[in-house]
Amino acid sequence: MKKQKLAVVFAALLTMVGFSSCLNGENDPTVSPQELMKVNGVAGYYTFTSAYGYTITPLNMSALSSLNLGSYAIVQYSYDSSLLEWDESKDVTINNVVNIQDEMVVAQAPEEEDGNAPIYTISSSMAQPIYFDKYNLFIPVTYYYKNSSDTDDLTAELNSHDFVLYYDSNDAESTDSRLVLHLRHKVSDTEVQRSDYGTEYRHFNITPVLSDYANKYGVSMPDKIVIEYEKSSSSSYENISSEKVEVEYKSLFEETSSNN
């Protein structure tokens with residue numbers, strides 16, 4: 001199996017997130033979808049569950065024994081579409097797995113010291129915020145980092161970046177149709193010169209946020225979620241500006257909720 005060596009996954013790779021497939025040849029029934037999936041089990045015994053409800057079990061389980069995965073991952077796999085349906089649980093060959101890091105959600109307004117590094121963007125033509133379900137939000141964070149040819153040094157650098165999503169129930173910008181969240185980026189060493197940037201999805205469980213929001217406004221869910229973040233066109237934190245990205249919410253989930 002081709003292993004993903006670096007934590008930063010550039011946006012070009014992420015254009016296939018969600019269910020997609022391609023034929024390997026005109027007469028070849030093998031398809032290779034890539035999708036965001038929930039991780040089950042532990043190293044050496046992983047299975048993956050789709051947002052559509054089916055579970056895939058790796059035929060090449062031993063190839064995943066060295067992977068340390070979080071709650072979710074982007075998984076590319078192959079199977080014979082002449083024998084298996086796309087929406088049924090099945091045994092498949094795993095081609096590639098990209099781990100998605102779990103981040104914190106804090107029920108308070110962000111303080112000045114909660115961020116010390118800018119974000120380049122959280123939405124582009126190649127990657128936008130997405131959901132696995134109504135409780136799990138994935139934000140494609142493009143941020144500055146210091147590249148290195150040494151794998152250990154690069155891993156240490158990438159692990160020094162943390163992202164936290166803040167929600168304040170008393171935020172005047174939130175309304176009964178609009179939920180405003182604040183994303184902050186913090187690095188362990190602000191003296192490092194960071195000139196490269198890359199994109200990776202980060203996972204945020206927004207269950208407590210939705211509960212607080214429902215209690216505050218008496219509605220089951222907001223029409224839209226707005227994510228505010230500190231943007232800069234350079235790695236300097238001195239010239240940041242507040243930017244907002246608005247994403248649909250209620251229109252994606254209200255039909256599902258009414259049917260449950």
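This report describes the fold of a predicted model of one protein chain, from its overall composition to two regions of strand pairing.

## Overall composition

The protein chain contains four helices and 15 strands. Of its 260 residues, 42% are buried. The accessible surface of the protein chain comes to about 13,000 Å², and carbon and sulfur atoms account for 46% of that area.

Contacts distant in sequence are well represented: when contacts between residues at least 6 apart in sequence are considered, 67% of them link residues at least 24 apart.

## The five-stranded open sheet

Five strands make up an open sheet with mixed pairing, arranged in the order β8-β11-β12-β14-β15. The edge positions belong to β8 (104–106) and β15 (241–248); each has a single partner strand, so one side of each lacks a neighbour within the sheet. On average, and with direction ignored, neighbouring strands of this sheet are turned by 30° against each other.

At one edge, β8 pairs with strand β11 (residues 161–166) in the parallel sense, through three bridges. Within this pairing, M104 lies opposite V164 of β11. The sheet also carries a helix: α3 (residues 207–217) packs on it and touches both β8 and β12 (178–187). The direction of α3 makes about 145° with that of β12.

## Strand β4 and its two hairpins

Strand β4 (residues 47–50) pairs with β3 and also with β5, in each case antiparallel. Strand β3 (residues 34–40) is joined to β4 by four bridges, and K38 stands opposite T49 of β4. These two strands form a hairpin with six residues between them. In the turn of that hairpin, G41 has a positive phi of about 85°.

The pairing of β4 with strand β5 (residues 55–58) comprises two bridges. Here T55 of β5 is the bridge partner of T49, the residue that also faces K38. A hairpin is formed by β4 and β5 as well, with four residues between the strands; G53, in its turn, has a positive phi of about 105°.

## Side chains of β4

Which way do the residues of β4 point, and are they buried or exposed? T47 and T49 point one way from the strand, F48 and S50 point the other way, and all are buried. In a regular strand, side chains alternate between the two faces of the sheet. The directions seen for T47, F48, T49 and S50 follow one another in this alternating manner along β4.

Definitions and conventions. Residues are numbered from 1 along each chain as its sequence is written. This is a predicted model: local features need pLDDT of at least 70, side-chain atom pairs count only at pLDDT 80 or more; totals for chains, interfaces and linings use all residues. Side-chain values use heavy atoms; hydrogens and water are left out. Two strands pair if DSSP finds at least two bridges between them. Axes are lines fitted to C-alpha atoms, for helices over the stretch in contact, and angles run from 0 to 180 degrees between N-to-C directions. Contact means heavy atoms within 4.5 Å. Buried means under 20% relative accessible area, exposed over 50%, partly exposed in between (1.4 Å probe, protein chains only). Accessible areas come from the Shrake-Rupley method with a 1.4 Å probe; for residues, only the protein chains shown count as cover.
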